[in-house]
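Here are my notes on this model, set out as numbered points for you to read beside the coordinates. I begin with a question about helix packing and then turn to the sheets and the ligand.

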Amino acid sequence: MFIEDHLSKSDQLVLMFQAVEFARNGVVMTDPKLHDNPIIYTNPAFTDISGYSAEEILGHNCRFLQGEDRQQPALDELRKAIKEERSLTVVLRNYKKNGAKFFNELTVSPVRNEKGDLVSYVGIQNDITARIEAEERISDFYSVVSHELRTPIAKIKSSLSVIEDGEAGPVSDSVRRFVEISAKSAESLWRLIENILDFKKLESGKFRLLRQRLRLSELVENVVAEFQPVADEALIQLTCQCLANPHVDADGQRLVQVLENLLSNAVKFSPRGSAVAVRVLMSESNFARVEVSDQGPGIAQQDLSKLFEKFQQLESPDRRLRGGTGLGLSICKAIIEAQGGRIGLSSREGQGSTFWFEIEPSS
Ligand SMILES: Cc1cc2nc3c(=O)[nH]c(=O)nc-3n(C[C@H](O)[C@H](O)[C@H](O)COP(=O)(O)O)c2cc1C
């Protein structure tokens, strides 16, 4: 059922016109053949957004919405696109008739006749001020997290380790126990904040990798050795088997972060007394591959694809969530993919899971 099938040409035009008139996006059309490309049509939504009446708008170039605020890099892009007769979407700072600033998400497109000649430009405007302000608030929140939370937690961590080491005087066994608990909590709070900040870097494209040539097996063995006390405490038998020792060009710190994350998940979801096995091997496609297998409850088929998405947390079998931001695996995915690698898992409910990542070996 298309409108061409049951409406005459003129009825189609009326319907199109009504659609534009009733749209909640601002719509303007300009005439590039006239001096200074003036507006020749505005819909009611654009008068609502800008606060100007149709009479005040028609016949003027749209730049009047910029007021004195003419130093905007997006304007250079826009000028170029209009000159080259192509479409572009930009966000501009514009001002309503009452002087209030608003962020205008503008898409400009050339309109051509059947012969392909330029006859008009159509501009579609959205007032996205609420969204931009929300993003600014989120960004403020991140700077609070990074400065005002990280600094005191760093101090708490270092003070606790001074007490633990006995540098502040003798420590009784019962006090040591509480200091250890506090140190562990401070550590997980620290990791949570790091995760949140990493996530922010990922979102804003500021995630940097420091690649170097390293031996994958050595890196994996070191991480597993450092993780041993955590596994011991959870009564998990942790083993590491290196069936290959490829070189990779990768960011070692970030690989450690990925592996720690996979190990910590494996231990968290494994029953006491079970085993977690780490293996380094070459994959069938000749990539360097690291696997972390557990004997935990496994993951249902329908949840597998969700697992690497942001803010996804799976419920443990006892229906309790087991802490964390739900960002860990999405960060792991970004880290591995940024180095040209792949990450994934295979799992069967009731039969444990194997998380793996693969990176191309360096020659
Ligand atoms: C169809 C169309 C719609 C436009 N809509 C807006 C707008 O809503 N706000 C704005 O600041 N500029 C808008 N512009 C851009 C200005 O008209 C102008 O092209 C821009 O300011 C750069 O040129 P200038 O340096 O001569 O001012 C639009 C342009 C076209 C062609």
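1. Is the crossing of helix 9 and helix 10 left-handed or right-handed? In this predicted model, helix 9 and helix 10 cross in the left-handed sense. The axes of helix 9, which covers residues 252–268, and helix 10, which covers residues 328–338, come within 10 Å of each other and cross at roughly 145°.

2. As for the residues behind this packing, helix 9 contributes Arg254, Gln257, Val258 and Asn261, while helix 10 contributes Gly328, Cys332, Ile335 and Ile336. Sorted by class, the residues of this contact between helix 9 and helix 10 are four nonpolar, three polar and one charged.

3. Helix 9 also has a place against strands, for it lies across strand 9 (275–282), strand 10 and strand 12, and it runs at about 25° to strand 10. Strand 10, residues 288–293, and strand 12, residues 353–359, are themselves paired in the antiparallel sense over six bridges, and within this pairing valine 292 stands opposite phenylalanine 355 of strand 12.

4. The wider setting of these strands is an open sheet of five strands in the order 7-9-10-12-11, whose pairing is mixed. Strand 7 (237–242) and strand 11 (342–347) are found at the edges, and because each has a single partner strand, one side of each is left without a neighbour in the sheet. From one strand to the next, the twist of this sheet averages 15°.

5. Another open sheet of five strands follows the order 2-1-5-4-3, here with antiparallel pairing. Its edges are taken by strand 2 (39–42) and strand 3, each of which has a single partner strand, so one side of each is left without a neighbour in the sheet. Neighbouring strands here are turned by 30° against each other on average, when direction is ignored.

6. Looking at one pairing of that sheet in detail, strand 1 and strand 2 run antiparallel and are joined by three bridges, and threonine 30 has isoleucine 39 of strand 2 as its bridge partner.

7. Which residues come nearest to the ligand? Of the 21 residues around the ligand, these are Cys62, Arg63, Leu65, Tyr121 and Gly123. The elements that each give two or more residues to this shell are strand 1 (26–30), helix 5 (73–83), strand 3 (88–95), strand 4 (101–112) and strand 5 (118–127). By class, the shell is made up of 11 nonpolar, eight polar and two charged residues.

8. Finally, on the overall layout, the domain assignment divides the chain into domain 1 (3–127), domain 2 (132–203) and domain 3 (212–359). The C-alpha centres of domain 1 and domain 3 are 52 Å apart.

Methods
Residues numbered from 1 in each chain as written. Predicted model: local features only at pLDDT ≥ 70, side-chain atom pairs only at ≥ 80, totals over all residues. Near = placed C-beta within 6 Å. Helix = DSSP H or I, 4+ residues; strand = E, 2+ residues; numbered from the N terminus. Nonpolar A, V, L, I, M, F, W, Y, C, P; charged D, E, K, R; others polar. Pairing = 2+ DSSP bridges. Axes fitted to C-alpha atoms, helices over the stretch in contact; angles between N-to-C directions. Left-handed = near helix turned anticlockwise from the far one by under 90°. Contact = placed C-beta atoms within 7 Å. Domains from an automatic or database assignment.
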